Amino acid sequence: MTEKAKRNYTLKVWRQKDAHDAGRMAEYRAEGISPDASFLEMLDIVNEQLVRKGEDPIAFDSDCREGICGMCSCVIDGRAHGPGAATATCQLHMRAFEDGATIVVEPFRARAFPPVKDLVVDRSAFDRIIASGGFVSVNVGSAPDGNTHLVPHPVAEKAMDAAACIGCGACVAACPNASAMLFVAAKISQLSLLPQGQPERAARALNMLKRMEDEDFGNCSNHGECEAVCPKEIKLSNIARTNREFIRASVCSDE
Amino acid sequence: MGWLFRTLNSSIGKKVQMALSGLLLCGFLVTHLAGNLFLYGGREMFNHYAKALEENPLLPAAEIGLLLLFLLHIATALRVTYGNKRARPVAYAKTACAGGKTIGSATMVFSGLLLLAFLIVHVKTFRFAPDRSDLYAMVMAAFQNKLYAGFYVAAMAALGLHLSHGFWSGFQTLGADHPKYTPWIKRLGLAFAAAVAFGFASIPIWASLR
């Protein structure tokens with residue numbers, strides 16, 4: 001197997017010591033990078049060089065590195081999770097960037113995602129939204145008999161598609177309004193479509209949306225940038241469903 | 001009544017108010033444009049239409065309703081925009097369109113503010129004109145001013161841009177979204193935006209070229 005030609009890049013990375021630091025862009029060279037390296041591996045290589053030089057490595061979030069945990073983030077060249085459809089930053093490879101390119105790397109920016117350090121932001125606002133209603137309170141006892149809960153296949157598919165959301169926050173990062181509607185809509189949709197979600201359906205919609213507002217996210221204005229960057233391809237139709245859920249809960253329920 | 005205030009002040013509640021007022025204003029645009037097109041029928045036809053409209057006893061109520069719709073749409077837009085700007089205190093150094101945004105969606109505030117400026121001038125020029133005895137002559141005279149006709153056409157371009165996103169967006173906000181018809185609502189929105197913008201803009205162009 002022939003080894004592919006290594007590539008060199010110029011990185012412009014946001015460096016910020018802590019939440020109180022004003023932050024600034026810093027320039028680094030990423031040299032001898034394999035086109036098959038993932039974006040995060042490229043950052044690892046740059047960090048190794050920084051450590052060897054006695055400098056502070058670039059802080060960034062990552063965990064599973066296979067696109068299922070929702071931990072990695074970054075806005076790369078102006079796009080949340082970088083170029084490429086339906087991929088998280090960990091699934092982005094350096095072959096997506098031409099040799100010699102300058103790559104701008106910034107954290108997810110939103111008032112609701114306060115900075116922690118460099119490219120790391122605090123996304124616990126999402127956890128608080130989930131805690132406000134993104135669950136079902138059911139007795140899990142023994143397994144129910146088959147066909148006790150009737151779910152038509154197309155509905156099950158829609159619920160599963162919504163449940164694919166990994167809560168990474170790219171929707172917020174990409175939204176010109178820093179709105180969290182796609183995330184909240186995925187979570188509300190996933191449960192409101194299924195029988196187990198019905199008892200708390202109205203309260204869930206109202207409470208989760210209220211929490212979303214209290215966390216200082218912006219308002220959705222139907223740009224669709226969230227859908228375009230979502231690594232799990234969560235559809236905008238979930239937001240329309242959530243609008244219906246909200247109207248239904250406000251007008252037709254006892255909540 | 002607590003639920004009502006809570007609903008109207010919520011994020012989706014504000015958007016629903018934007019959508020409903022916006023779609024009702026689309027209805028107003030249709031009737032306004034239909035009326036304006038009588039100008040092509042000549043002095044007698046237009047003045048006959050204008051007289052019948054102004055003698056309608058329900059006109060003051062309709063005008064107040066229209067004013068309230070505009071005020072609701074504008075006030076809610078400003079509240080929503082303030083919240084949106086506040087939600088991202090630090091801007092990105094580099095932004096790229098991922099494929100969702102359109103020129104229309106990205107410029108809603110600017111096209112809206114231009115339309116507000118236009119509305120103020122427009123109402124002052126035509127609704128509160130000093131001499132309203134011959135409305136046909138008044139409109140034709142106003143459009144002889146090339147600067148005014150140009151401003152009018154520019155405002156209609158902004159209207160088309162505004163509607164290119166606003167029409168579809170209104171349906172989406174009200175929850176009317178389905179693969180069965182959403183592509184058609186989007187197409188209808190673009191056709192409506194183009195028809196309304198060209199329809200209104202054709203009049204000053206025609207009048208100033210005569």
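A search of the whole structure, which is a predicted model, finds 18 aromatic pairs over all chains, a pair being counted when the ring centres of Phe, Tyr or Trp (its six-membered ring) lie within 6.5 Å, with planes under 30 degrees apart taken as stacked, over 60 as edge-to-face and the rest as tilted. One of these pairs joins B:Phe126 and B:Phe143 in an edge-to-face arrangement, with 5.9 Å from centre to centre and 65° between the planes. The two rings link distant parts of the chain, since B:Phe126 belongs to helix H6 of chain B and B:Phe143 to the loop between H7 and helix H8 (146-173), 17 residues apart; helices (H or I, at least four residues) and strands (E, at least two) are DSSP runs numbered from the N terminus. B:Phe126 is buried at a relative accessible area of 12%, and B:Phe143 is likewise buried, at 2%, where buried stands for under 20% relative accessible area, exposed for over 50% and partly exposed for values in between (1.4 Å probe, protein chains only).

A further pair, formed by B:Phe167 and B:Phe171, is tilted, with 5.3 Å between the centres and 50° between the planes. These two residues are four residues apart in helix H8 of chain B and are therefore separated by about one helical turn. B:Phe167 is buried, with a relative accessible area of 9%, whereas B:Phe171, at 25%, counts as partly exposed. Ring pairs also join B:Phe118, B:Phe126, B:Phe143, B:Tyr148, B:Phe151 and B:Tyr152 into a cluster, so that the edge-to-face pair of B:Phe126 and B:Phe143 has both its members in this cluster.

Aromatic rings of chain B also lie beneath charged side chains, a charge being taken to sit over a ring if NZ of Lys or CZ of Arg is within 6 Å of the ring centre and within 35 degrees of the ring normal. The charged end of B:Lys186 is placed over the ring of B:Trp168, 4.6 Å from the ring centre, and the charged end of B:Arg187 is placed over the ring of B:Trp184, also 4.6 Å from the centre.

Over all chains, 20 salt bridges are found, each defined as a side-chain nitrogen of Lys or Arg within 4 Å of a carboxyl oxygen of Asp or Glu. In chain A, the side chains of A:Arg95 and A:Asp36 meet in such a bridge, at 2.9 Å from N to O. Because A:Arg95 lies in the loop between strand S4 (79-80) and strand S5 (102-106) and A:Asp36 in the loop between strand S2 (24-33) and helix H1 (39-52), this contact ties together parts that are 59 residues apart in sequence. Both partners are partly exposed, A:Arg95 with a relative accessible area of 47% and A:Asp36 with 37%.

A second salt bridge of chain A, between A:Lys117 and A:Asp56, has an N to O distance of 2.9 Å. A:Lys117 is in strand S6 (residues 115-117) and A:Asp56 in the loop between H1 and strand S3 (75-76), so the contact ties together parts that are 61 residues apart in sequence. A:Lys117 is partly exposed at 24% relative accessibility, as is A:Asp56 at 41%. A network of salt bridges links A:Arg15, A:Asp56, A:Lys117 and A:Asp118.

In chain B, B:Glu54 forms a salt bridge with B:Arg132, the closest N and O atoms being 2.1 Å apart. B:Glu54 lies in helix H3 (residues 43-54) and B:Arg132 in the loop between helix H6 (108-127) and helix H7 (135-142), so this pair ties together parts that are 78 residues apart in sequence. B:Glu54, at 40% relative accessibility, is partly exposed, and B:Arg132 is partly exposed at 25%.

Chain B has nine helices and zero strands, and its C-alpha atoms fill a box of roughly 55 × 45 × 35 Å along the principal axes. Of the 210 residues in chain B, 40% are buried.

Residues are numbered from 1 along each chain as its sequence is written, while chains are lettered from A and ligands numbered from 1 in the order in which they are written. Local features need pLDDT of at least 70 and side-chain atom pairs count only at pLDDT 80 or more, whereas totals for chains, interfaces and linings use all residues, and side-chain values use heavy atoms, with hydrogens and water left out.
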